[in-house]
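Please open the model in your viewer and keep the selection panel at hand. The tour below moves from one selection to the next and says what is found at each stop.

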Amino acid sequence: MIRWSEFADLRLDLEPVARGMLYQHGLGLGFLATVRADGGPRVHPICPVLAENLYAFIVPGPKLADLRRDGRYALCSETCAPPRHDDNVYLTGMIEELDDAPLRERLTSQILAERGMGEPWSGFDEEPMLELHLDRVLITLTEARDGLPAGHTVWTP
């Protein structure tokens, strides 16, 4: 398991493509898969935050309960319209819940800037800050680009 910053240092070819897919609309967008208590899958839209590492603020509820019980996750970027319909980044790993006030303040500033907001939304202060550690990165491209082939490129640490 590694941090996003380590992935960025190790894979200069993949990191900008993965970052671009997560941030294709100017802010992080993706779908987070978690494991329910009965072992079944659950999928939720989230707004991951890429700073030096990969973070998420999770609204208290089923997905947070899933992650606190079983820290495994899968994160898939927002879909693309044709002709790039297969373009996607898919990440898997484990979460770590963080309690770091200066980091939270820095990420909150980034989130507000990305959304053009002056202050956080109601309830934001109750959303725990998580770091998403990586054990697999899968980039799928409809057509070759950025030095990567069409199809799947899989990387594991």
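Begin by selecting helix 4, whose 15 residues should span 21 Å at 1.5 Å a residue, and whose end C-alpha atoms are 21 Å apart, in agreement with that expectation. Bear in mind throughout that this is a predicted model, and that the distances and angles given here are computed from it.

With helix 4 still selected, colour Leu-103, Arg-104, Leu-107, Thr-108, Ile-111 and Leu-112, which are its buried residues. Looking down the axis, you should find that they cover an arc of only 165°, which puts them on the same side of helix 4. Turn to the face that points away from this buried side, and you will meet the exposed residues Pro-102, Glu-105 and Ala-113. If you then display the strands, you can follow how the buried residues of helix 4 pack against strand 3, strand 4, strand 6 and strand 7.

Next, look at the two ends of this helix. At its start, select Asp-100 and Leu-103, where a side-chain oxygen of Asp-100 reaches to within 3.0 Å of the backbone nitrogen of Leu-103. At the other end, select Gly-116, which follows helix 4 and has a positive phi, near 65°.

Stay in this region and select Ser-109, which lies in helix 4 and is partly exposed, with a relative accessible area of 46%. Add Pro-120 to the selection: Ser-109 and Pro-120 are 11 residues apart in sequence, and their C-alpha atoms are 9.1 Å apart in space. From there move on to Trp-121, in the loop between helix 4 and strand 7, a residue that is partly exposed, with a relative accessible area of 31%. Which residues does Trp-121 touch, not counting those up to four places away in sequence? They are Ile-111, Arg-115 and Glu-127.

Now show the aromatic side chains, among which the structure holds 4 aromatic pairs. Select Trp-4 and Phe-7, whose ring centres are 5.1 Å apart and whose planes stand at 75°, so the pair is edge-to-face. Both sit in helix 1 and, being 3 residues apart, Trp-4 and Phe-7 are separated by about one helical turn; Trp-4 is buried, and Phe-7 is buried as well. For a second pair, select Phe-57 and Phe-124, where the ring centres are 4.9 Å apart and the planes meet at 45°, so the pair is tilted. Because Phe-57 lies in strand 4 and Phe-124 in the loop between helix 4 and strand 7, this pair ties together parts that are 67 residues apart in sequence. Phe-57 and Phe-124 are both buried. Finally, add Trp-155 to Trp-4 and Phe-7, and you will have selected a cluster linked by ring pairs.

Trp-4 and Phe-7 lead on to the largest nonpolar core, which has 39 residues. Select those with the most contacts inside this core, namely Trp-4, Phe-7, Leu-22, Tyr-73, Leu-75, Leu-91 and Ile-139.

Of these, Leu-22 belongs to helix 2, where the buried residues are Glu-15, Val-17, Ala-18, Met-21 and Leu-22. Seen down the axis of helix 2, these buried residues fall within an arc of 165°, so they line one face of the helix. What covers them includes helix 1, strand 3, strand 4, strand 5, strand 6 and strand 8, and these elements are worth displaying together.

Return to the core list and select Tyr-73, which, leaving aside its neighbours within four places in sequence, is in contact with residues including Leu-32, Leu-67, Leu-91, Thr-92 and Leu-134. Thr-92 makes a good next selection: it is placed in strand 6 and is buried, with a relative accessible area of 13%. Show the side chains of Thr-92 and Asp-135 to see the polar contact between them, at 2.5 Å. Apart from residues up to four places away in sequence, Thr-92 touches Tyr-73, Ala-74, His-133, Leu-134, Asp-135 and Arg-136.

For the last stop, select Asp-146, in the loop between strand 8 and strand 9. The phi of Asp-146 is near 55°, a positive value in a residue other than glycine.

Notes:
Residues numbered from 1 in each chain as written. Predicted model: local features only at pLDDT ≥ 70, side-chain atom pairs only at ≥ 80, totals over all residues. Heavy atoms only, no water. Buried < 20%, exposed > 50% of the residue type's maximum accessible area, 1.4 Å probe, protein only. Helix = DSSP H or I, 4+ residues; strand = E, 2+ residues; numbered from the N terminus. Arc of directions from axis to C-beta. Contact = heavy atoms within 4.5 Å. Core = buried A, V, L, I, M, F, W, Y, C linked by side-chain atoms within 4.5 Å. Expected span 1.5 Å × (residues − 1). Polar contact = N/O pair within 3.5 Å; in protein donor to acceptor, adjacent residues only side chain to side chain. Phe/Tyr/Trp six-rings, centres within 6.5 Å; stacked < 30°, edge-to-face > 60°.
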